[in-house]
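Me: I would like a close look at the largest nonpolar core of this protein. Which elements give residues to this core, and which residues have the most contacts inside it?

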Amino acid sequence: MSYQPVTPTQEQLAELEQKHGDLLVMSGGKRSAYCVVFRRPNRQETIGYKMHVKKDSTTASEAMFKRIAVFPDKQTLEELIEKFPLASDFCLNHESFQDFVGLASEADLK
């Protein structure tokens, strides 16, 4: 496995948006060169994630990350995770991801 960063073209993004609806594009920083495109999780996936967190919070983020990533392809995504094992935690805990899936912070609720 040798991970090579890939960025979607505008055409690929348009196709993914047509297929999945709203998308979120997240990129790593200078030291973590990656780009992942997510679709919104559905209700069942969200419930499954919550149940997974209660049983094994270590792998819950990675499982959700893999499940809702629509770019890059699965093999490249696996290589990305191998090279940047905390990418899933970073993405799922990032404010823009939480806004995308509808999580409110305590400050938002006050």
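Reply: What follows begins with the overall fold and then turns to the core.

The model is a predicted one. Its secondary structure comprises seven helices and three strands, and from the N terminus the elements follow the order α-β-β-α-α-β-α-α-α-α. The C-alpha trace spans about 40 × 30 × 25 Å along its principal axes. The radius of gyration is 14 Å, which agrees with the value near 13 Å that a compact globule of 110 residues would have. Of the contacts between residues at least 6 apart in sequence, 60% join residues at least 24 apart. Buried residues account for 32% of the 110 residues.

The largest nonpolar core contains 19 residues. Within this core, the residues with the most contacts are Tyr 34, Val 36, Phe 38, Phe 65, Leu 80, Cys 91 and Phe 97. Two or more core residues come from each of strand E1 (23-27), strand E2 (35-39), helix H3 (57-68), helix H4 (74-83), helix H5 (87-93) and helix H6 (95-101). A second core, separate from this one, has five residues, among them Leu 13, Leu 16, Val 37 and Val 70.

Phe 65 merits particular attention. When its neighbours within four places in sequence are left aside, Phe 65 is in contact with Val 36 and Phe 38, with Leu 77, Leu 80 and Ile 81, and with Ala 87, Ser 88, Cys 91 and Leu 92.

As for the surface, the protein exposes about 7,500 Å², and carbon and sulfur atoms supply 50% of this area.

Note on methods:
Residues are numbered from 1 along each chain as its sequence is written. This is a predicted model: local features need pLDDT of at least 70, side-chain atom pairs count only at pLDDT 80 or more; totals for chains, interfaces and linings use all residues. Side-chain values use heavy atoms; hydrogens and water are left out. A nonpolar core is a set of buried Ala, Val, Leu, Ile, Met, Phe, Trp, Tyr and Cys residues joined through side-chain atoms within 4.5 Å. Buried means under 20% relative accessible area, exposed over 50%, partly exposed in between (1.4 Å probe, protein chains only). Helices (H or I, at least four residues) and strands (E, at least two) are DSSP runs, numbered from the N terminus. Contact means heavy atoms within 4.5 Å. The radius of gyration is taken over C-alpha atoms; the globule rule is 2.2 Å times the number of residues to the power 0.38. Accessible areas come from the Shrake-Rupley method with a 1.4 Å probe; for residues, only the protein chains shown count as cover.
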